[in-house]
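Welcome! Let us walk through a protein structure together, one part at a time. Keep the picture open as you read, and look for each part as we come to it.

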Amino acid sequence: MKYNKEYFDHYTERRGTRSIKWDGCNKKFGVDPDVEMIPMWIADMDFKCPEEVIEAVTEKAREGIYGYSTREDSFFEAIAKWVEKRYLWKVEKDWIIFTPGVIPGFTVAIQTFTQPGDGIIVQTPVYYPFMDGVKNNGRTLVENVLIEKDGVYTMDFQDLEEKAKNPFNKLLILSNPHNPVGRCWTKEELERLGNICADNGVLVVSDEIHGDLIMEGYSHCAMSGISEKIKNNTITNYAPSKTFNLAGLQTAYTIIPNDSIREKFQKGLNANRVFNMNWFGPVALETAYEKCQGYVEALCEYLKENLDYMEAYIKEYIPQIKMIRPEGTYLVWLDFRKTGMTAEEIEDFVVNKAYIGADLGSWFGKPGEGFIRLNIACPRCILEKAMERLKNSFCEN
Ligand SMILES: Cc1ncc(COP(=O)(O)O)c(C=O)c1O
């Protein structure tokens, strides 16, 4: 099928579908159930997934028995081809391990390669399940805070080097591209980080789940594709879930070129018995990766237009907030610090005045305070409504 703007402009009612983003929104934010909130939190999209995937999953559903499934070669072949074509990284099929999600991918790595109390480095403000994974497993959270200057985020390598040199710190979880600040890290930045970690015995877990959602003028650099040294010290987690809106199918994968790291990781997965595949997931992944490249291109074009619209609107009508335009991901990091409100007041304003369900800056760690993350993977009509609500809420304030 040929994908175009109309496909993504189409509004699909998600209320009443058991969508956590929509049906779980008011409860999550403690807002009266009668209030019509605009849900722009949690990272799934309000677009239908590709038609070819819908057809393949429907056909699979018609079989009528949803038992345990085999691990077919075609699944690993489809992944290897996608990774080589999209991220220019040639991987061997044997390096690929099925996981039921990118989150289990990094939590199993935490459990397998570190001991309780060990330090794990994350680059805050960052996707909060990284921090939950560290704390829930009794490890110590070590922050390598990103540097923000005039809305541009970079890595603090001096601080990273100091932290990597400390033998107490064993692992680093990288968000590449970065959620929530939207940076597509360059090869130079990743190489520097990768070498610092490899030289100091800090294992890197690279979360590249947003690696297909790249805006014009930028590219995704696969951490492991940089050099032999980095490849041998990196675990990479991917999934088709963000790209094709398949999060509910619990299908992801981890790529580990280093044999001994891979064997240990596999044992860690086995210890938790987290290896059964979802009945529909592999069919969806193979169809998406083999037939739906055009969907990704049209999607990124639509997201770019959403960003253009939002940037222009904010500049004209809500200049007190600053939009940090993402280079990748469909997540927009908004800086509210010039509004004069405290971090708490900002979060209360967005939730209880504008009635927008958003990921609140403080969830991403202290450096996220004063910010709000909005998910703009929605038809333009929803984004327009949200922008209008924000503007009007400021007028009434
Ligand atoms: C950086 C990042 N990693 C992982 C996930 C979730 O992955 P999964 O649903 O495969 O566990 C998300 C979802 O928002 C994400 O943004």
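## Two proline bonds

We can begin in a loop. P177 is found between strand 7 and helix 9, and the peptide bond that leads into P177 from N176 is cis, with omega near -5 degrees. Please keep in mind that this is a predicted model.

The loop between strand 7 and helix 9 also holds P180. N179 and P180 are joined by a cis peptide bond as well, and here omega is about 20 degrees.

## Strand 7 and its neighbours

Now step back along the chain to strand 7, which covers residues 169–175. Is this strand largely enclosed or not, and why? Of its 7 residues, 6 are buried, so the rest of the structure largely encloses strand 7. For a residue to count as buried, its relative accessible area has to be under 20%.

Which strands pair with strand 7? One is strand 3 (residues 119–122), which pairs with strand 7 in the parallel sense over 4 bridges. To find this pairing in the picture, look for I120, which stands opposite L171 of strand 7. Another partner is strand 8 (residues 203–207), and this pairing is also parallel, with 5 bridges. Here L174 has S206 of strand 8 as its bridge partner. On the way from strand 7 to strand 8, the chain passes through helix 9 (residues 187–199), making a right-handed β-α-β crossover.

A little background helps here: strands of a sheet pair through backbone hydrogen bonds, either parallel or antiparallel.

## An antiparallel sheet

For the antiparallel kind, turn to an open sheet of 4 strands, whose order is 11-12-15-14. Its edges are formed by strand 11 (322–324) and strand 14 (359–360), each of which pairs on one side only.

Strand 14 pairs with strand 15 (residues 371–375) in the antiparallel sense, over 2 bridges. You can locate this pairing through L360, whose bridge partner in strand 15 is I372.

## How the two domains meet

The protein chain is divided into two domains. Domain 1 is made of two stretches, 5–51 and 293–396, while domain 2 runs through 65–291. The C-alpha centres of domain 1 and domain 2 lie 25 Å apart.

How many residues of each domain are in contact with the other? There are 33 from domain 1 and 37 from domain 2. The size of an interface is often given as the accessible area lost when the parts come together. Domain 1 and domain 2 bury about 2,900 Å² between them, with 60% of this area on carbon and sulfur atoms. The count of salt bridges between these domains is 2. Elsewhere on your tour, you can also look for the salt bridge in which the side chains of R183 and E327 meet, at 3.0 Å from N to O.

## Two residues with positive phi

Our last stop is a pair of loops. N245 sits in the loop between helix 11 (241–244) and strand 10 (252–255). Phi of N245 is positive, near 60 degrees, although N245 is not a glycine.

Y355 lies in the loop between helix 15 (343–352) and strand 13 (356–357). Y355 is likewise a residue other than glycine with a positive phi, near 50 degrees.

Are these residues buried or partly exposed? N245 has 19% relative accessibility, so N245 counts as buried. Y355 has 29%, and therefore counts as partly exposed.

Conventions:
Residues numbered from 1 in each chain as written. Predicted model: local features only at pLDDT ≥ 70, side-chain atom pairs only at ≥ 80, totals over all residues. Heavy atoms only, no water. Buried < 20%, exposed > 50% of the residue type's maximum accessible area, 1.4 Å probe, protein only. Pairing = 2+ DSSP bridges. Right-handed = clockwise from strand over helix to strand, strands pointing away. Domains from an automatic or database assignment. Contact = heavy atoms within 4.5 Å. Buried area = accessible area lost by both parts, 1.4 Å probe. Salt bridge = Lys/Arg side-chain N within 4 Å of Asp/Glu carboxyl O.
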